[in-house]
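Good morning. I will take a few minutes to walk through one structure for those who have not seen it before.

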Amino acid sequence: MTSMGSTSFEITINLIKTVLVFLMMVQAVPILVWLERRGSGFIQNRFGPNRVGPLGLMQLLADAVKFLTKEDFFPEKGNSFMFYMAPIFALIPAAVAYMAIPMSVPLKFDEYTFLIQGYEINVGIVFVLGVSSLAAYTILMAGWGSGSKFSLMGALRASAQIISYELALGLSIVGVILLYGTFNLTEMVHAQQGALSFKAFGNTISVGWLPNWGVFYQPVGMILFFAAAFAESNRLPFDLAEGEAELVAGFHTEYGGFKMLMFFIGEYGHMMIASGLMTTFFFGGYSIWNFTPQEVNQFGFNIFGSEMAANIFNSVAHFLSYNIKFAIFLWIFIHVRWTLPRFRYDQLMDLGWKTMLPWALANTIVTATVIYLFSSYTF
């Protein structure tokens, strides 16, 4: 794990950077809520928010005022500690985990180098999956603390669902780990830079017009990971925990106002983690198609004629590249919600245990076999 810096200046900058990454993530939630409302309106051939401000953009402010001014409510038979702590703990895992995802090449100023992420961790995959999985505890706290049968049933459903799909999700990225030979997310991005090129049976095979992204090596792993990410985020078609027709609103039935808003932020935060990991594992992270950072930096130097300006251009260009891919996956999350129907609970469990888990295990075995054969034999 890297330190926060060796000088007071580095420590200060890194602390500011960490706060900025957190604020960027939290401030993206209202935009995603607006996008989901407008997008669902177009998908269902109806109007989304269009009254409060241009294109309904001020609807977010109106909702914020409503959330903040709602009367505080506590169920008579609830557990006060769990009831009030659950929304807070729902926000923390998503925010902490997202900070470990690299979003651009480091920004260099003289002798200082600043990472465009909250912090770099050598075992980034283990950290992100471990921290984000703590969300299951917040759901159980909300269900138990509410003192409601509907809430408890929703919490039990959600926890069983998350635990079931974590197995398939974890196995789906074992192939990625074998392929790149590292748990470090930044090193994974480095391994995907440049044009598609790999060694097989003593020969180097190159496809110059394609990027060296993980999706070309792990297509099955990518599909399994993305499907399991929907279940981990409790999003349709896997939102059995909130089954409105059966459980009112699931584990947050008794919540309203600001506490409900914190659950929303946590849910969208897990969508962001899933989108960020999809981008990092399978789509080159912040890399720009098949161009290396050195080529992008040289392009910036040719335009601006300054090394510092070229470094800034390099970081900004890769940051935009990451966020474009990131936004595409977030939109897919939204589009799927308003396109596919919800599974029955038995279908959800069958898919996780009888379909996705065996496929993930088979993908791991095939990947390990292919890597062994390609690296061990020459013809």
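I will go through the salt bridges, then a pair of helices, then the surface, and then some distances. Please keep in mind that this is a predicted model.

Let me start with the charged pairs. How many salt bridges does the structure hold? There are seven. I will describe three of them.

One is between Arg337 and Glu36, where the closest N and O atoms are 2.7 Å apart. Arg337 sits in helix H13 and Glu36 in helix H1, which covers residues 8-43, so this bridge links parts of the chain that are distant, 301 residues apart. Is Glu36 buried or exposed? Glu36 is buried, because its relative accessible area is 3% and the cut-off for buried is under 20%. Its partner Arg337 has a relative accessible area of 29%, so Arg337 counts as partly exposed.

The next pair is Asp63 with Arg37, and here the closest N and O atoms are 2.6 Å apart. Asp63 belongs to helix H2, residues 59-69, while Arg37 belongs to helix H1. This pair also links distant parts of the chain, with the two positions 26 residues apart in sequence. Asp63 is buried at 11% relative accessibility, and Arg37 is partly exposed at 32%.

Then there is Lys259 with Asp72, whose side chains meet in a salt bridge at 2.6 Å, N to O. Where do these two residues lie? Lys259 is in helix H11, and Asp72 is in the loop between H2 and H3, so the bridge ties together parts that are 187 residues apart in sequence. Lys259 is buried, with a relative accessible area of 12%.

Some of the salt bridges share partners, and in this way Glu36, Arg235, Glu267 and Arg337 are joined into one network. Two of those names, Glu36 and Arg337, are the pair I began with.

Now to the helices. Helix H11 runs over residues 257-282, and it packs with helix H3, residues 80-98. The angle between the two is about 25°, and their axes are 8 Å apart. How should that angle be described? Angles under 35 degrees count as roughly parallel, so H3 is roughly parallel to H11. The crossing of these two helices is left-handed.

Next, the surface. Which residues form a nonpolar patch there? They are Met308, Ile312, Val316, Leu320, Ile324 and Ile328, and together they have about 530 Å² of accessible area. To take one of them, Val316 is in helix H13, residues 307-337. Val316 counts as partly exposed, because its relative accessibility is 43%. Helix H13 also holds Arg337, from the pair with Glu36.

Lastly, two distances across the model. Lys149 is in helix H6, which covers residues 149-172. At 77% relative accessibility, Lys149 is exposed. The C-alpha atom of Lys149 is 37 Å from that of Asn50, and these residues are 99 apart along the chain.

The other distance starts from Thr7, in the segment before H1. Thr7 is partly exposed, at 31% relative accessibility. The C-alpha atoms of Thr7 and Thr279 are separated by 33 Å, with the residues 272 apart along the chain.

That is what I have. Thank you.

Methods:
Residues numbered from 1 in each chain as written. Predicted model: local features only at pLDDT ≥ 70, side-chain atom pairs only at ≥ 80, totals over all residues. Heavy atoms only, no water. Patch = residues over 30% accessible without salt bridge, like charges linked within 9 Å, V, L, I, M, F, W, Y side chains within 5 Å. Areas by Shrake-Rupley, 256 points an atom, 1.4 Å probe, with all protein chains shown as cover. Salt bridge = Lys/Arg side-chain N within 4 Å of Asp/Glu carboxyl O. Helix = DSSP H or I, 4+ residues; strand = E, 2+ residues; numbered from the N terminus. Buried < 20%, exposed > 50% of the residue type's maximum accessible area, 1.4 Å probe, protein only. Axes fitted to C-alpha atoms, helices over the stretch in contact; angles between N-to-C directions. Parallel < 35°, antiparallel > 145°, perpendicular 65-115°, else oblique. Left-handed = near helix turned anticlockwise from the far one by under 90°.
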